[in-house]
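Subject: Structure handover and notes

Hello,

Here is the structure you were due to receive, followed by notes on what was found in it. Please read the notes with the model open beside them.

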Amino acid sequence: MGGKKSNFFSLPVLSVVFLMGYVYWTTVFVFLQDWLDLNSSLGLTNAIIFSFLAFMCLIAFFASVFIDPGGVPSSFAPEMENPQTKGKSQYCDKCCAYKPPRTHHCRVCRRCVLKMDHHCSWIGNCVGYANYKSFISCIFYGSVASIYSTVIFFCDTLHREHGFRSIALKLFNVLSGLALIVLSITISSLFVWHIYLLSKNLTTIEYREAARCAWLAKKCGQNYRHPFDLGVYSNLESILGSNSLKWFCPLAVGHVKDGTQFPISND
């Protein structure tokens, strides 16, 4: 737990928390207040909706930071007849131990991580088997909230005449608008990318290998399908859970198992 606390107080993680607070304050108490007035029913409604999105994003972010992505159980031993391990190295020279399928060694965390996607400095943690849903939730709510905030900014700018009394206020509006646009594009692009990976049941690491295998198969006149690709809906269920009502809850991770075995497509 001490390691997680030290990661939380790292500069990138604190920067994200500060950015969330800044976007929330400017959106609600500056742009929304100036556009609709928080005392009006429409202004209050928009404030409540945006506050909900920001709160869910914050909860998902903290979950991504503090939930262990998954380490190799000390009792793990590979099954020699397991088709998932056929033709693949299952021994980590750095950890001096066997590792399950889809597990990779993280040089930053200095350990093997179950179904590792990537190490994310912005959460001070690896994105892996156990915290992938919270990470997806974080960028989902983050992308929706940032787009919502950008729309509010433009509505405030276009529907009201701003007689900026100082260059500082004008500069504040311009920089805030640019920051919101960049943030919306960045987080939304990341979310779309991970939705694609999720639909194929791929991690970022596996995508590189899958792209190479698909290229080689195409050269030989064959079709390649990732062995863990069970179909879009089944892939979504494997990450988000079987209860679709809980898909958008970052803390609903009751479906998460030990992360050492995964179903394989029969195709």
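Helices (H or I, at least four residues) and strands (E, at least two) are DSSP runs, numbered from the N terminus. This is a predicted model, in which local features need pLDDT of at least 70 and side-chain atom pairs count only at pLDDT 80 or more, while totals for chains, interfaces and linings use all residues. Residues are numbered from 1 along each chain as its sequence is written, and side-chain values use heavy atoms, with hydrogens and water left out.

Overall layout

The chain contains seven helices and six strands. Their order along the sequence is α-α-α-β-β-β-β-β-β-α-α-α-α. Along the principal axes, the C-alpha atoms fill a box of roughly 75 × 50 × 35 Å.

Of the 267 residues, 40% are buried. Buried here means under 20% relative accessible area, exposed means over 50%, and partly exposed is in between (1.4 Å probe, protein chains only). Contact means heavy atoms within 4.5 Å. Among contacts in the chain with a separation of 6 or more, 66% are between residues 24 or more positions apart.

The exposed area of the chain is about 15,300 Å², and carbon and sulfur atoms supply 64% of it. These areas come from the Shrake-Rupley method with a 1.4 Å probe; for residues, only the protein chains shown count as cover.

On charge, the chain has 23 positive and 15 negative side chains, with the centres of the two sets 6 Å apart. Lys and Arg count as positive and Asp and Glu as negative, whereas His and the chain ends are not counted. The charge is placed at NZ of Lys, CZ of Arg, CG of Asp or CD of Glu.

Annotated segments

An unreviewed UniProt entry lists residues 12-32, 44-67, 139-159 and 171-196 under "transmembrane region". UniProt positions are given in the numbering used here, feature names are shortened, and annotations may be inferred rather than shown by experiment. In the model, residues 139-159 are 100% helix and 0% strand, with the end C-alpha atoms 30 Å apart. Residues 171-196 are likewise 100% helix and 0% strand, and their end C-alpha atoms are 38 Å apart.

The nonpolar core

A nonpolar core is a set of buried Ala, Val, Leu, Ile, Met, Phe, Trp, Tyr and Cys residues joined through side-chain atoms within 4.5 Å. The largest one has 41 residues, and F61 and Y132 touch the most other members. Two or more residues each come from α2 (11-35), α3 (41-66), α4 (132-159), α5 (167-200) and α7 (232-240). Helix α4 gives the largest share, 10 residues.

Leaving aside neighbours within four places in sequence, Y132 is in contact with D117, V127, H194, L197 and I239. Of these partners, H194 is found in helix α5 and is buried, with a relative accessible area of 2%. With the same neighbours left aside, H194 is in contact with D117, H118, Y132, F135, I136, I139 and T204.

Two aromatic residues in the first helices

F8 is found in helix α1 (residues 2-8) and counts as buried at 15% relative accessibility. Not counting residues up to four places away in sequence, F8 touches V13, L14, V17, F62, V65 and F66. The C-alpha atoms of F8 and T204 are separated by 24 Å, with the two residues 196 apart along the chain.

Y22 is found in helix α2 and is partly exposed, with a relative accessible area of 29%. Leaving aside neighbours within four places in sequence, Y22 is in contact with F172 and S176. Y22 and Y98 are 76 residues apart in sequence and 45 Å apart in space, C-alpha to C-alpha.

Backbone points to check

Most residues other than glycine have a negative phi. D37, which is not a glycine, has a positive phi of about 75°. D37 is found in the loop between α2 and α3 and is partly exposed at 30% relative accessibility. N201 also has a positive phi, near 55°, and is a residue other than glycine. N201 is found in the loop between α5 and α6 (204-219) and is buried, with a relative accessible area of 6%.

Regards
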